[in-house]
Amino acid sequence: MPVTRARRRRRRFGLRYQATPYLMLLPALVMELAVHLIPMVVGVWMSLKGLTQFYVRDWSAAPFTGLANYRVAVDLHGPVGTDLLHSLGVTTAYTVLSVGLSWLLGTAAAVLLQRPFRGRGLIRTLFLTPYALPAYAAVITWSFLLQRDTGLLNHVIVDDLHLAGHRPFWLIGGNSFASLVAVSVWRTWPFALLCLTAGLQTIPDELYEAAAIDGAGFGRQVRTITLPMLGAVNKVLILVLVLWTFNDFNTPYVLFGKSAPRPSDLISVHIYQSSFITWNFGLGSAMSVLLLLFLLLVTAAYLTVTSWRRNDA
Amino acid sequence: MHEPRWVKVVRAVVLSGLALFTVAPIYVMVSSSVKPLVDVQSAFHWIPSRFTIRPFVDIWHTVPLGHYFLNSVLVSGAATVCSVTVAIFAAYAVSRYRFAGRRLFSIAVLSTQMFPGILFLLPLFLIYVNIGKLTGIDLYATRTGLVITYLTFSLPFSIWMLVGYFDSIPRGLDESAQVDGAGPLRTLLQVILPTAVPGIVAVSVYSFMTAWGEVLFASVMTNGDSRTLAVGLQGYATSNDVYWNQVMAASLVVSVPVVAGFLLLQRHFVSGLTAGAVK
C-alpha cells in the first residue's frame, strides 16, 4: 500500500507541477519586461519621433519623423554626427585601455596571491576594497586627489619629487583622459582579481605537482597550466568588463560633473547631455539605439572569434 | 613547490606597487576627513595640522545628509529584498527543471547586462512620468520607482550566481524531500534555502551594493524628497566653496556600511562566484 501511494503521489507531482518552472520564473520575467524590454521597444519608437522639448508634456503628440533622427546622428558633415563619432572613438580607447590594464593587474595579483604567505589575506582584502566602495564616494575622492592646487597628485609630483615646475591640470584638457582611465582601472581591476581568484581555485593542485616533477619552473607553470586553465573564466570576464566599461556613466559623470572635457567625452555622458540639456529625447534615443547595435556587433564578433579559436585548438 | 628567488622579488615589487595605488585615495579620504578646513584649502598635507572631528558633525547640517541616507537605506534595502526573492525562484526553476525556453531565458536575462543604461533611461523616464499622469501612481521621483528600477539591475547577475550555487547542491536532497511528500515550494523553502545561505548572502550583498552605488538613474529619477546619497553627495561638490574635508567625511560615512558588509562576507562572495564560474 505505501508503495502505490508514493507512486501515485509522484505521478500527481509530475502532472500538477508542469507549470511550476514557469510560475517561478514569472516574477523575474515580468520585472525584466517592465524595466528593460518594454522601455527598449519604447526607446526604438521614440527614436522615430521628433520628440523635442515641445512635446515632453504630451509625448504622444510628437510627429513621426521616420529615420530623421538617425540621419542627424550619423551625418558626418554635421556637428552632431562628428561629435558622436568622436565620442565613440574616445569610449573605444577608454575601454581598451581600462579593460586591458584591469585584466593585466587582476591576473598578476591573482597569480602572485595564489600561494599562501604571511599577510596574504590582508592584502587580498585591501585590494578588494575599491570594488566595495560606492562609485560616487570613490570617484569624488579621486576628484579631490586630482585637484590642481589642493590635490595629492600634484603635491607628490611638484612639491615632493620636483618632477614638474608648474602644477598641471588633471580634470580638464588632455590629461583628463589619463585621469579617467586611472580612476576606471582603480575601480575595475579588483573585480578581475575576484573572478580570477575564484577561477584559480578550480585548478587542481595535482597539475602543478605533476608539472613540478617534470621539472617545470614557476614561469613555465603559469604559462602552461594557469593561463590556459583560466580560459573559460577569461572569456566571460573580458566580455563583461568591456560592456560595463563601454557603458560606464558613473566615473565620468562624478569625476567631471555635468560637462565632460572633450578629450574625455564618453558615450553615455554624451548621450545623457545631448538628451537632457536640449530635451531632444528623439535624437537621444536614436543615439542609444545606435550604441546598442554597435555593442551587439562587438559581442557577436567576440563570441564568434573566441568559439572559433576554441574549436581550432 | 620550491619558489625561486626572482618570484619572491617580483611578488614583493608588484604587490607593493598595487597596494600603493589602492591605498592612495583611501588615505586621502580618511586623512582629509579629520582635517580642519584650512588644510584642504591649500596645498595637500600628508598629516593633518590639527586633528578634528568637526567635519563629521558639520556634514549633517551643510546638506540634508541624514535624509539622503535614509532614502538610500530604504531604497537599497527594499530593492535587495525584492531582487533576491525573485532571483531565488527564477534560479531554482533554471537549476532544477528542464523546460522549453530555459536556455533562451538564461541568455535573455544575462544579455540585459550588456545593454547601456542610457538606453532605458529616457524611455523609463517618460513611462514613469506618463504612468503618473494617467493613473495617479507616482513612480517618477519616488522611492517606489527607484526600487522597481534597481531590483532589475542586480537580478541577472543574482540569478546567474544562484543557479551556479543551486547546481552545486545535490539533487538527492530534493528527491528525498519529494518522497516525503513536499511540493516544489516546500522543497525550495525548507530544504534548499537553508543549504544555500552563503550564496544568498553573497547575492544580497551584491544587490545592496548595486543599488547603493547607482548614479545614472538616481540623478534623473529623484527630486528633493527622494534624493539618494549618490546624487546628494554631489551637492557638496557643486557649491561654490567646496568643503573638501566635509566631502571626504561624508564619503567615508556612506562607504563604511557597504565596505564593512562586503569585506566581512568576502569569503561567501568568492565561493558564490566560484559556484557560478565553475559551470
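Begin at the boundary between the chains by selecting chain A and chain B together: 83 residues of chain A are in contact with 82 residues of chain B, two residues being in contact if their C-beta atoms, placed from the backbone, lie within 7 Å. This is a predicted model, in which local features need pLDDT of at least 70 and side-chain atom pairs count only at pLDDT 80 or more, whereas totals for chains, interfaces and linings use all residues. Residues are numbered from 1 along each chain as its sequence is written, and chains are lettered from A and ligands numbered from 1 in the order in which they are written.

On the chain A side, H2(A) supplies the largest share, 16 residues, where helices are DSSP runs of H or I with at least four residues, numbered from the N terminus.

Select residues 20-47 of chain A next, which form helix H2 with its 28 residues; the end C-alpha atoms are 39 Å apart, in agreement with the 40 Å expected at 1.5 Å a residue, a span taken as 1.5 Å times one less than the number of residues. Centre the view on A:Leu33, where H2(A) has a kink of about 45 degrees, the bend being the angle between axes fitted to the seven residues ending there and the seven starting there.

Now show chain B alone, with its 15 helices and zero strands; its C-alpha atoms fill a box of roughly 70 × 70 × 30 Å along the principal axes.

Finish at B:Ala87, which, leaving aside neighbours within four places in sequence, is in contact with A:Ala28, B:Leu155, B:Ser158, B:Ile159, B:Leu162 and B:Val203.

Note on methods
Helices (H or I, at least four residues) and strands (E, at least two) are DSSP runs, numbered from the N terminus.
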